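Please open the model in a viewer and keep the sequence panel beside it. The tour below proceeds by selections, each followed by an account of what is found there.

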Amino acid sequence: WGELGHATVAYVAQQYMSPEAAKWAQTVLNDTSDSYLANIASWADKYRLTDEGKWSAPLHYIDAMDDPPTSCSVDYERDCPAEGCSISAIANYTQRVGNLKLSAPETAEALRFLVHLIGDLTQPLHDENYEVGGNGIEVTFDNYTDNLHSDWDTYMPAKLVGGSSLEDAQGWADSLVDEIKTGSYKKEAATWIKGDDIGDTVVTATRWAADANSYICTVVMPDGAAALQTGDLYPTYYNSAIGTIEIQVAKGGYRLANWLNTIYSQKITQS
Ligand code: ADE
Ligand code: ZN
Ligand code: ZN
């Protein structure tokens, strides 16, 4: 996701953090503001662009080697290479955030990665190898020529919300939380975190990745990539996709909060 998506994942998560875990995260991040997770949610995307941080670029995705739109699947052994992927990184940073022996700056860095990578994992094209996660599929959206990946990351969310500021993210998060509490996500939200287990992060994150990857075959390119290139993606394709963008951002926030709450409670049990 772009900055809007990551900040929205973070604001949704903030609304589901336990008071104790919220306080702990604010202390670790040295930020007692009401945007303590949103403020760091896109740090990893800036870091990957620096010389020091370019090693971390592969940690933002897992390149599922399936064959959409015929077959969609994620297989950790098949799809996560030796240099790492989002799933191995989430396992590593989960362990590090929970590690009592790390210094405060080390814990803060691990938390910045985890907040970002759990968000990226819900973007279907971050769980897909085809044309470098859609980066190589040139399309037109709302009269601009760009690529399918950036439309999913950035331009379709911005079209929905009408801006990309932290305030816009806060407003979007509030509406997603309403859907979880009393609206269309109420019945299913519990299933988003069902079986999540910080004792088996690879299995849990692989399930999250397979869930996102499944939308490649049903929503992102149900008729293949060629069908996308025949006209402007706005409004017909946008209308077919925006509901998936919304639910995936909501899932990211809901899962992130539950994950951090669990890491924190395990951490205090050990101390
Ligand atoms: N680079 C290679 N594969 C990618 C993907 N699935 N998403 C983003 N960047 C990538
Ligand atoms: Zn992306
Ligand atoms: Zn990213």
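A nonpolar core is a set of buried Ala, Val, Leu, Ile, Met, Phe, Trp, Tyr and Cys residues joined through C-beta atoms within 7 Å. The model to which this term is applied here is a predicted one.

**The whole chain**

Begin with the complete chain in cartoon representation. It contains 11 helices and 2 strands, and along the sequence these follow the pattern α-α-α-α-α-α-β-β-α-α-α-α-α. The radius of gyration is 18 Å, close to the 18 Å that the globule rule gives for 271 residues, so the chain is as compact as a globular protein of that length. Along the principal axes, the C-alpha trace spans about 60 × 40 × 40 Å. Of the 271 residues, 45% count as buried. Among contacts with a separation of 6 or more, 75% are between residues 24 or more positions apart.

**The nonpolar core**

Which residues have the most contacts inside the largest nonpolar core? Select Leu114 and Leu117, which hold that place in a core of 78 residues. Helix 11 gives the most to this core, with 11 residues. In soluble globular proteins, nonpolar side chains tend to be buried together.

Keep Leu117 selected and display its contacts. Apart from neighbours within four places in sequence, Leu117 is in contact with Ala44, Leu59, His60, Ser86, Ala89, Ile90 and Tyr93.

**Helix 2 and its two faces**

Next, select residues 19-29, which form helix 2. The buried residues of this helix are Ala22, Trp24 and Ala25. They cover an arc of only 165° around the axis, which puts them on the same side of helix 2. An α-helix has 3.6 residues a turn, so residues three or four places apart point the same way.

Against what do the buried residues of helix 2 pack? Add helix 6 (104-120) and helix 11 (236-270) to the display, for these are the packing partners. Then turn to the face of helix 2 directed away from its buried side, where the exposed residues Pro19 and Glu20 are carried.

**Two residues with positive phi**

Move to Asn30, just after helix 2, in the loop between helix 2 and helix 3. Asn30 has a positive phi of about 55° although it is not a glycine. Is Asn30 buried or exposed? A residue with 12 or fewer other C-beta atoms within 10 Å is exposed; Asn30 has 10 C-beta neighbours inside 10 Å and therefore counts as exposed.

The second stop is Asp142, in the loop between strand 1 (138-141) and strand 2 (144-147). Asp142 is also a residue other than glycine with a positive phi, here near 55°. With 15 other C-beta atoms within 10 Å, Asp142 is partly exposed.

**Two cis peptide bonds**

Select Pro68 and Pro69 and show the backbone atoms. The peptide bond joining Pro68 and Pro69 is cis, with omega about 5°. Pro69 is placed in the loop between helix 3 (43-47) and helix 4 (76-79).

Then select Tyr234 and Pro235, where the peptide bond is again cis, with omega near 10°. Pro235 belongs to the loop between helix 10 (201-220) and helix 11.

**The surroundings of ligand 1**

Centre the view on ligand 1. Which residues are around it? They are Tyr61, Asp63, Leu125, His126, Glu128, Val132, Gly133 and Asn135. This shell divides into 3 nonpolar, 3 polar and 2 charged residues.

With Asp63 still displayed, add Tyr130, which lies in the loop between helix 6 and strand 1. The C-alpha atoms of Tyr130 and Asp63 are separated by 7.9 Å, although the two residues are 67 residues apart along the chain. Tyr130 counts as buried because it has 22 C-beta neighbours inside 10 Å.

**A final loop**

Finish at Gly195, in the loop between helix 9 (189-192) and helix 10. Gly195 has 9 C-beta neighbours inside 10 Å and so counts as exposed. Draw a distance from its C-alpha atom to that of Arg207, which is 12 residues away along the chain; the separation is 9.6 Å.

Note on methods:
Residues are numbered from 1 along each chain as its sequence is written. Chains are lettered from A and ligands numbered from 1 in the order in which they are written. This is a predicted model: local features need pLDDT of at least 70, side-chain atom pairs count only at pLDDT 80 or more; totals for chains, interfaces and linings use all residues. A residue is buried if 20 or more other C-beta atoms lie within 10 Å of its own, exposed if 12 or fewer, and partly exposed in between; C-beta atoms are placed from the backbone. Helices (H or I, at least four residues) and strands (E, at least two) are DSSP runs, numbered from the N terminus. The arc is that of the directions from the helix axis to the C-beta atoms. Two residues are in contact if their C-beta atoms, placed from the backbone, lie within 7 Å. The radius of gyration is taken over C-alpha atoms; the globule rule is 2.2 Å times the number of residues to the power 0.38. A residue is near a molecule or strand if its C-beta atom, placed from the backbone, lies within 6 Å of it. Ala, Val, Leu, Ile, Met, Phe, Trp, Tyr, Cys and Pro count as nonpolar, Asp, Glu, Lys and Arg as charged, and the others, Gly among them, as polar.
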